[in-house]
Amino acid sequence: MKYALVLGILLISTTSALANNVQDSEHAKKSLEIYRTIVGIPTVAGKGNVPKMAAYLADEFKQVGFREDDTQIIPSGETASLIVRYPTNGLSQKKPILLLGHMDVVSALAKDWERPPFELTQDDKNFYGRGSIDNKYGIAMLSSTFIRLKKQGFVPNRALYLVFSGDEETGMVTTRMLANERPELATAEFALNSDAGGGSLDANGNALTYKVQAAEKTYVSFELTLRNKGGHSSRPRPDNAIYELSTALLKIRDYHFPVRWTDMTRNFFRITGKQLGGELGGVMLAFAENPTDKQASDRLELESSYVGTTRTTCVTTMLQAGHAENALPQSATATVNCRIFPGVTVAEVKQSLQTVVDNDEIEFVTLGTPIESPVSELREDVMSAIAKAVHVRYPNLDIIPYMESGGTDGMHFRKAGIPTWAISSAFMDPNEMFAHGLNERLPIKAFYDGLDHWSIIIKELAGK
Ligand SMILES: [Zn+2]
């Protein structure tokens, strides 16, 4: 017992000595200073604070030698975008690389948090604060990497651009502008996004996989409405808006969209199946081998974590009907939310649903402006740069491309023809992920371990 205790103390003192070294580096200190400062600026929608954050960052870049015209703050209503150009020596003749992040955060009600949300706090395990993972961590890492490289005298052989949007969590107006209206960004070869992807750890801190977000499903909601002349509830009739809409919804429940896959889907299940093992792992391997294996795809459909990986899904999420308890309903409306597999259009899904419900009296309205974006096919050079950065930390770790259910800036860039992969530098336990939620956090270890991630990738892709 005593021996173990002594050994324990020795171990602790060795790790903390190591940790101190990392934390004492100029780059670590600068990264933390930027992280702390920007978490302290409440960049929630409607507060008008994003331009302040952009101005603070722009000033940091100027202090290390970026020229006045290398940084541009582009105002947009109460928010803003920031573009920072890292000038190139032009030696490679290669097209620019974009590095993406968003400066805004989801709102946070201070009274519900255990700690002040707009202040970077910490205990012995985590940093806390709104944006500590989504996405001020990414902004801090990308910004401090540019500052570090500039101080080192690094000159990329192709142009690099930091592209920070200002309303990713709400309207994505700045994202649309950045992806579609900036000629200097439109020539990019590809974009790397700090706002998704990254490593997964188990509860003991062992690395499981590193994931690269290479596609996003299209998010769309339809409103289905059935109208009726109504009447007195003492005189019921067979035609009834609620019953008829309910019948339609049950048909949607029972409808299965066709199985879809890409090389990425098969690769995902090949690696995940091998890791997971057991019956479900075996099913994944069978699907990877032969995606037309109906038994395998039917089995995967029963798993809520994987159903969306192999097909389009639609589910009823809201209902509104009737106006008085003693009246026949004059209308009934349901909201059906769909996550569409890349390559399938919103119009096709709407048509499928209309065919399934088989009732011409139901009005279909598409809500919002859905963004259909393609899969970004993997590239050898990008994957090997990512592998280099990941394997420095975790040798031989599996790197898996995946498709997200939708919602990052990446989809606008993919739609604009710029392949985009999201590759966060963070490794964390998915059960500790509280992005958008209460007491959002980032493991302190993830912060310090990730400090070299972006430098390694940039030097691989733009340094030789
Ligand atoms: Zn985000």
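## Burial and the basis of the model

A residue counts as buried when its relative accessible area is under 20%, and as exposed when that area is over 50%. The structure described here is a predicted model. Histidine 102, with a relative accessibility of 0%, falls under the 20% cut-off and is therefore buried.

## The zinc site

The zinc ion is coordinated by His102 through NE2, by Asp134 through an OD atom and by Asp195 through two OD contacts, at 1.9 to 2.5 Å. The angles among the 4 donor atoms run from 54 to 141°, and the site is classed as irregular. Along the chain, the donors follow the spacing H-x31-D-x60-D.

Histidine 102 belongs to strand S3 (residues 97-102), whereas aspartate 195 sits in the loop between strand S7 (190-193) and strand S8 (198-201), so this pair ties together parts of the chain that are 93 residues apart in sequence. Aspartate 195 has a relative accessibility of 15%, and because this value is under 20% the residue counts as buried.

## A cis peptide bond after aspartate 134

Aspartate 134, one of the zinc ligands, is joined to asparagine 135 by a cis peptide bond, with omega near 0°. Asparagine 135 itself lies in the loop between strand S5 (126-128) and helix H4 (136-152).

## Two loop residues with positive phi

Glutamine 93 is not a glycine, yet it has a positive phi of about 60°; this residue is found in the loop between strand S2 (79-86) and S3. With a relative accessibility of 73%, which is over the 50% cut-off, glutamine 93 counts as exposed.

Methionine 172, also a residue other than glycine, has a positive phi near 55°, and is found in the loop between strand S6 (160-165) and helix H5 (173-180). Its relative accessibility is 7%, so methionine 172 counts as buried.

## Packing of helices H13 and H16

Helix H13 (residues 380-393) packs against helix H16 (residues 453-462) at an angle of about 145°, the two axes being 9 Å apart, and H13 passes H16 in a right-handed crossing. On the H13 side the contact is made by Asp381, Val382, Ala385, Ile386, Lys388, Ala389, Val392 and Arg393, while H16 contributes His453, Ile456, Ile457, Glu460 and Leu461. Sorted by character, the residues of this contact comprise 8 nonpolar, 1 polar and 4 charged.

Terms used. Residues are numbered from 1 along each chain as its sequence is written. This is a predicted model: local features need pLDDT of at least 70, side-chain atom pairs count only at pLDDT 80 or more; totals for chains, interfaces and linings use all residues. Side-chain values use heavy atoms; hydrogens and water are left out. Axes are lines fitted to C-alpha atoms, for helices over the stretch in contact, and angles run from 0 to 180 degrees between N-to-C directions. Helices (H or I, at least four residues) and strands (E, at least two) are DSSP runs, numbered from the N terminus. A crossing is left-handed if the near helix is turned anticlockwise from the far one by less than a right angle, and right-handed if clockwise. Contact means heavy atoms within 4.5 Å. Ala, Val, Leu, Ile, Met, Phe, Trp, Tyr, Cys and Pro count as nonpolar, Asp, Glu, Lys and Arg as charged, and the others, Gly among them, as polar. Donors are N, O and S atoms within 2.8 Å of the metal (3.2 Å for Na, K and Ca); water is not among the atoms, so sites may look incomplete. Four donors count as tetrahedral if all angles lie between 85 and 135 degrees; four count as square planar and six as octahedral if opposite donors are over 155 degrees apart and all others between 65 and 115; anything else is irregular. Buried means under 20% relative accessible area, exposed over 50%, partly exposed in between (1.4 Å probe, protein chains only).
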